[in-house]
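Biologist: I would like to learn how to read a model like this one, beginning with the overall fold and ending with a single residue. Could we take the features in turn, with the general idea before each case?

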Amino acid sequence: MEREELRAGSGPGRSAPRAVLLWLHGGGWRGRSTENGAALAEHGLLVVEGGYRFSHEARWPAQLDDVRAAARAARRRAPDLPLLVGGDSAGGTLALQLGLRGVDRPDDVAGVLAYWAPVDPLDEEWVRRRRHDNPWADLIGHEPAAGDAATVDATVATHLGNGVPVLLVHGTADAAVPVGQPVALGAALLAAGHPVHSLITHGGHALELDRADVRAVTRAFVDTILDPPNR
């Protein structure tokens, strides 16, 4: 397991952070991407990096167990703040799993920020692109298949319904994760009663989190969750 790091951040005009964000890195569940989520501190968040075992170390759902443990540690370091979970690519998938299923209760995550996350191992376009190098197969220990218990459990849309708000951000030219995946997931989330913010924008995989459009939708999502207009 990787050590966790805490970064303090506060939004413009704020003297204290508004929430703690557990950040889960990408890397195809095989390694660690360079994105550490630090840019999100400007939205008034304490950003805590959480680690998890890679697919060559343990099979699914060991990674869910790991990020739940990381979320508990983040909560202990900021017990009076709401807990948000976020991540990029494979880390975004884990953030969605964690937010939709909960840490210790189904409703104990205040929001999920998922950037260019793969969510469906059986998506036809994904299967076509990754036929000879499929990270999902490494994660669950075999090729995904319809009706297979591990495939079903690892599929994000299996776990909808707790109402957690979700942010989905994706580039239309993403060569790693088909853009149809967040589009389909967003529709399913809305149908299941989840508030959804979605940005489908130009660009490929691993966009900059401080890019103007990504930054703006992230700010709107965080503000809506933490400072709802009808409160």
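Modeller: Helices and strands are DSSP runs, a helix needing at least four residues and a strand at least two, and they are numbered from the N terminus. This is a predicted model, and in it the protein chain has seven helices and seven strands. Read from the N terminus on, the elements follow the order β-β-β-α-β-α-β-α-α-α-β-α-β-α.

Biologist: How should I read the radius of gyration of the protein chain, and what does the globule rule give for 231 residues?

Modeller: The radius of gyration is 16 Å, close to the 17 Å that the globule rule gives for 231 residues, so the protein chain is as compact as a globular protein of that length. Along the principal axes, its C-alpha atoms fill a box of roughly 50 × 35 × 30 Å. Among contacts between residues at least 6 apart in sequence, 76% join residues at least 24 apart, and 52% of the 231 residues count as buried.

Biologist: Which residues of the largest nonpolar core touch the most other members?

Modeller: In soluble globular proteins, nonpolar side chains tend to be buried together. Here the largest nonpolar core has 42 residues, of which L22, L83, V85, L96 and V112 touch the most other members. Helix α2, residues 90-101, gives the most to this core, with six residues. A second, separate core of 22 residues includes A19, L40, A41 and F221. If we leave aside the neighbours of V112 within four places in sequence, its contacts include V85, L96 and F221.

Biologist: What lines the largest pocket, and which residues are the closest to its centre?

Modeller: With a pocket, one can ask about its space, its lining and the character of that lining. About 160 Å³ of space lies in the largest pocket, and of the 13 residues that line it, G27, G28, S89, R130 and P135 are the closest to its centre. The lining residues divide into seven nonpolar, four polar and two charged.

Biologist: For a single residue, is T155 buried or exposed?

Modeller: A residue counts as buried when its relative accessible area is under 20%. T155 has a relative accessible area of 14%, and is therefore buried. Its place is in the loop between α5 (149-154) and β6 (166-171), and, leaving aside its neighbours within four places in sequence, T155 is in contact with Q97, V119, D120 and P121.

Note on methods: Residues numbered from 1 in each chain as written. Predicted model: local features only at pLDDT ≥ 70, side-chain atom pairs only at ≥ 80, totals over all residues. Heavy atoms only, no water. 1 Å grid on protein atoms, 1.4 Å probe; cavity = no way out; pocket = protein on both sides within 12 Å on 5 of 7 lines; lining within 4 Å. Points joined across faces, edges and corners; volume = space filled by probe spheres on them. Nonpolar A, V, L, I, M, F, W, Y, C, P; charged D, E, K, R; others polar. Buried < 20%, exposed > 50% of the residue type's maximum accessible area, 1.4 Å probe, protein only. Contact = heavy atoms within 4.5 Å. Core = buried A, V, L, I, M, F, W, Y, C linked by side-chain atoms within 4.5 Å. Rg over C-alpha atoms; globule rule 2.2 N^0.38 Å.
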